[in-house]
Amino acid sequence: MSLANNSKDKTRRASRVERLKLWELPEHGASPERYKILRRNIFILMIFVTTVPLVIMAAINYHEYQAGLKQEILNPLRATVSRTTHSFDLFLAQRLSAVSFVASAYGYDDLVNEQTLGRVFRVMREEFGEFVDLGVISAQGIQLAYVGPYDVKGRDYSKQNWYHQAQIKGTYISDVFLGYRKFPHIAFAVQRWNRQGKTWILRATIDTRRLNTFVSSMELDRASDAFLLNKEGVLQTPSKFYGKTLEKFPLQLPPTTYQANVIEIGNGHGDLAFLAYTYFADYPYILAVVKQRAEVMKSWYSMKSNLITVFVVSVIVIFLVVFGLTDQLVKRIEECDEKREAAFRQMEHNHKLSSIGRLAAGVAHEINNPMAIINEKAGLMKDLIEYADEFPQKERFLTITDSILNAVNRCGAITHRLLGFARRMDVNIEILDVGDIVKETLTFLEKEALYHNIELQLEFSVGLPGVAADRGQLQQVFLNLLNNAFAAVQDGGAISISTRARGPQTVAVAIRDNGCGMSEDTLEHIFEPFFSTKGARGTGLGLPITYGIVKKLGGEIEVESKQGEGTTFTVLLPVKVPDGSNFSY
Amino acid sequence: MSLDEIRVLLVDDEKEFLETLVKRLVKRKLKASGVGGGEQALLALREKPVDVVVLDVKMAGMNGIETLREIRRHYPLVEVIMLTGHANLEAAIEGMEIGAFDYLTKPVEIDELLYKVQDAYQKKALQEQKIALMQAAAGPLPKPGASDLLEG
């Protein structure tokens with residue numbers, strides 16, 4: 001029980017170790033499993049090392065570009081706000097100093113006179129344009145003199161806030177207000193002392209439409225909105241999206257700063273917007289520019305979509321390439337392993353064959369000696385019987401000795417064939433008659449032909465020149481081709497073997513069968529190693545070896561085949577012309 | 001040419017084979033004798049001259065090829081017929097290159113051996129005749145046998 005538990009534990013541990021070592025190929029184990037693991041490991045590793053840096057790079061780029069682009073867009077905005085603020089500043093300062101100058105230059109006595117006041121007002125209108133009216137207010141807050149379109153002379157301002165401010169601070173600039181006149185204007189008030197030592201106030205109002213021209217001079221795009229606010233968040237100039245003059249700005253006011261600043265806010269319609277703004281140092285206003293975030297980031301979004309497209313496409317390409325590559329690679333490895341194994345098997349087979357061959361040769365040789373003795377003894381016996389003048393049952397004994405000698409001859413033939421088979425292992429080039437070799441080879445197959453009722457037709461041309469080849473190798477060539485022919489024909493089929501000269505330098509041996517034949521496709525592959533149509537029975541090496549031998553002998557193999565009609569293999573072997581060397585054997 | 005003047009030395013380490021073959025050749029009127037190895041063969045040749053040596057290629061001790069070399073060196077006129085198994089055709093060919101008269105494969109047909117021996121003897125006789133003629137032209141010599149001449 002505990003043992004079983006132990007072994008289970010071990011396998012679990014082993015599997016974990018294997019999972020950790022991604023780059024290690026499991027040497028042992030079931031073959032298909034092994035390649036699956038290899039394929040998976042390579043795939044994961046390659047994907048990992050290619051996509052991780054890509055993802056990191058993409059993420060870094062994403063953030064860098066985003067930050068960079070934002071700055072690039074927001075900096076000009078900030079500059080515009082800053083510049084416009086200065087323009088406002090200057091405008092207001094000029095108007096205020098004009099009023100201040102008039103108050104100081106003319107004095108109370110002159111300006112209380114409405115004629116003088118009217119002349120001064122006309123000059124101011126000519127010079128600055130946007131002055132709407134001008135009035136002198138007494139220390140008690142009563143309008144003493146007034147020039148302008150409205151009838152406000154004698155009105156009491158003492159209860160109004162601006163009046164008190166002006167009394168305390170000496171100068172005053174109002175928010176935009178409708179006041180008595182029902183259209184937005186700004187009031188400037190300057191306090192002075194008259195000769196009696198009493199305070200008086202010179203008050204001028206200007207039309208705020210002039211302020212709107214500053215906003216339009218900022219040259220903003222259509223989706224942007226620029227406007228002035230006072231410190232209570234009331235619009236001082238009309239806004240495109242947030243209301244008319246003197247309406248309340250719907251969003252929260254930004255924190256106080258006198259530098260141009262940009263913050264992100266909700267735009268009040270569910271999206272984000274950038275708010276560029278600055279507080280005026282000397283006046284109670286805020287200049288604000290609202291730019292829709294979507295507008296600002298338009299180029300970023302197109303950039304981002306490009307970035308994402310490139311990223312996704314490259315990841316897909318990487319996946320495809322890695323998958324294809326891994327598949328190819330592992331297939332190659334698998335093929336190589338298969339080939340290697342097959343080669344090993346073939347080597348082993350060859351080794352076994354050559355061992356058998358050597359053994360056979362040894363046995364054949366050793367048997368020769370006792371056979372020679374039997375031969376001589378029987379021969380001597382025959383001699384004795386023959387030479388004796390009178391021998392009882394002479395004829396009978398002679399028959400017996402003859403049959404012994406015949407049996408010895410048969411033994412000789414058997415050892416001869418055994419040795420011939422064994423000698424295939426050592427290459428020994430001789431001048432050979434192809435007909436003889438074919439006949440020798442057929443002795444291996446005669447039984448099979450008989451058994452399968454296959455008709456063998458031999459057409460040997462007479463007087464063919466010999467070919468230079470190794471007997472064993474040539475036997476192997478014919479044996480392989482004949483084996484294939486036997487495999488191709490049905491019982492009762494026919495195989496014909498013919499030899500004839502083809503030109504003066506070549507002998508052709510044609511082996512024709514009327515068997516199943518081969519398709520074009522098969523024909524293309526038959527000389528490739530490990531290609532076999534015989535399934536498990538075939539090694540896929542017969543024809544490649546045959547081809548190799550024939551090529552080594554300087555010959556060629558021709559194949560003609562028609563499916564269902566049969567196949568003809570023709571072996572072309574070069575004739576060796578005895579060039580004076582002594583081929584006495 | 002009669003068979004009884006042919007002196008044959010059979011060399012084989014298989015005693016049974018050797019004795020039987022000697023008996024059969026003697027039955028056919030040849031002056032046949034047998035020895036069981038290469039060294040003995042060389043000794044026997046020194047003792048009494050022969051015309052044809054039938055030499056087994058594969059022997060214990062001094063093998064056929066070495067023995068052949070020695071015989072060719074010391075007794076160039078003596079003809080040698082090689083006996084081989086099928087596996088030793090290469091050795092037979094080597095023997096032919098060194099200067100053996102011919103080769104036969106075991107087991108041998110007695111008639112075939114007989115013909116080969118006769119042919120070898122004839123060749124040897126012809127050679128000797130030629131030499132005798134040349135020597136006659138050059139001057140008288142104490143002994144007619146070339147092999148004896150070399151031995152002396």
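Select strands E1 and E5 (residues 199–207) of chain A in this predicted model. E1(A) and E5(A) are paired in the antiparallel sense, over seven bridges. Within that pair, look for Phe131(A), which faces Ile206(A) in E5(A).

Add helix H4 (residues 161–169) of chain A to the selection. H4(A) packs on the sheet and touches E3, strand E4 (185–193) and E5 of chain A. The direction of H4(A) makes about 145° with that of E3(A).

Now select E1 (residues 131–138) together with strand E2 (residues 143–147), both of chain A. These two strands run antiparallel and are joined by four bridges. Ile137(A) is the residue to centre on here: opposite Ile137(A), in E2(A), stands Gln143(A). Then step into the turn of the hairpin, where four residues lie between E1(A) and E2(A). Among the residues of this hairpin, Gly141(A) has a positive phi near 90°.

Widen the view to the whole sheet. Five strands of chain A make up an open sheet in the order E2-E1-E5-E4-E3, and the pairing is antiparallel. Which strands stand at the edges? They are E2(A) and E3 (171–173) of chain A; each has a single partner strand, so one side of each has no neighbour in the sheet. From one strand to the next the twist averages 15°.

Go next to the other five-stranded open sheet of chain A, with the order E11-E13-E14-E16-E15. Here the pairing is mixed. The edge positions belong to E11 (455–460) and E15 (556–562) of chain A, and because each has a single partner strand, one side of each is left without a neighbour in the sheet. Direction ignored, neighbouring strands of this sheet are turned by 10° against each other on average.

Select E11(A) and E13 (residues 494–501) of chain A for a parallel pair, held over six bridges. In this pair, Phe460(A) stands opposite Thr499(A) of E13(A).

Two helices can be added to this view. Helix H9 (residues 434–451) of chain A packs on the sheet, where it touches E11, E13, strand E14 (506–513) and strand E16 (566–574) of chain A. H9(A) has a direction that makes about 175° with that of E13(A). Helix H10 (residues 471–488) of chain A also packs on the sheet, touching E13, E14 and E16 of chain A. For H10(A), the direction makes about 20° with that of E14(A).

Two loop residues of chain A come next. Most residues other than glycine have a negative phi. Select Leu246(A), in the loop between strand E6 (225–230) and strand E7 (261–266) of chain A. Leu246(A) has a positive phi, near 75°. Is Leu246(A) exposed or partly exposed? Leu246(A) has 16 C-beta neighbours inside 10 Å and therefore counts as partly exposed.

Move to Gln393(A), which lies in the loop between helix H7 (298–387) and helix H8 (394–422) of chain A. Its phi is positive as well, near 55°. Gln393(A) counts as exposed because it has 10 C-beta neighbours inside 10 Å.

Before leaving chain A, colour it by secondary structure: there are twelve helices and 16 strands. Of its 585 residues, 26% count as buried. Among contacts in chain A between residues at least 6 apart in sequence, 59% are between residues at least 24 apart.

Now show both chains. Chain B gives 16 residues to the contact and chain A gives 22. On the side of chain B that touches chain A, helix H1 (15–27) and helix H4 (89–98) of chain B each supply at least two residues. H1(B) has the largest share of that side, seven residues. By class, this side of chain B has seven nonpolar, three polar and six charged residues.

Within chain B, select helix H2 (residues 38–47) and helix H3 (residues 64–74). H2(B) and H3(B) pack at an angle of about 20°, and their axes are 9 Å apart. The two helices are therefore roughly parallel to each other. Their crossing is right-handed. To see the contact, show Gly38(B), Ala41(B), Leu42(B) and Leu45(B) of H2(B), with Glu66(B), Thr67(B), Glu70(B) and Ile71(B) of H3(B). The residues of this contact divide into four nonpolar, two polar and two charged.

The last stop is Pro107(B), in the loop between strand E5 (102–105) and helix H5 (110–138) of chain B. The peptide bond from Lys106(B) to Pro107(B) is cis, with omega near -10°.

Key:
Residues are numbered from 1 along each chain as its sequence is written. Chains are lettered from A and ligands numbered from 1 in the order in which they are written. This is a predicted model: local features need pLDDT of at least 70, side-chain atom pairs count only at pLDDT 80 or more; totals for chains, interfaces and linings use all residues. Two strands pair if DSSP finds at least two bridges between them. Axes are lines fitted to C-alpha atoms, for helices over the stretch in contact, and angles run from 0 to 180 degrees between N-to-C directions. Two residues are in contact if their C-beta atoms, placed from the backbone, lie within 7 Å. Angles under 35 degrees count as roughly parallel, over 145 as roughly antiparallel, 65 to 115 as roughly perpendicular and the rest as oblique. A crossing is left-handed if the near helix is turned anticlockwise from the far one by less than a right angle, and right-handed if clockwise. Ala, Val, Leu, Ile, Met, Phe, Trp, Tyr, Cys and Pro count as nonpolar, Asp, Glu, Lys and Arg as charged, and the others, Gly among them, as polar. A residue is buried if 20 or more other C-beta atoms lie within 10 Å of its own, exposed if 12 or fewer, and partly exposed in between; C-beta atoms are placed from the backbone.
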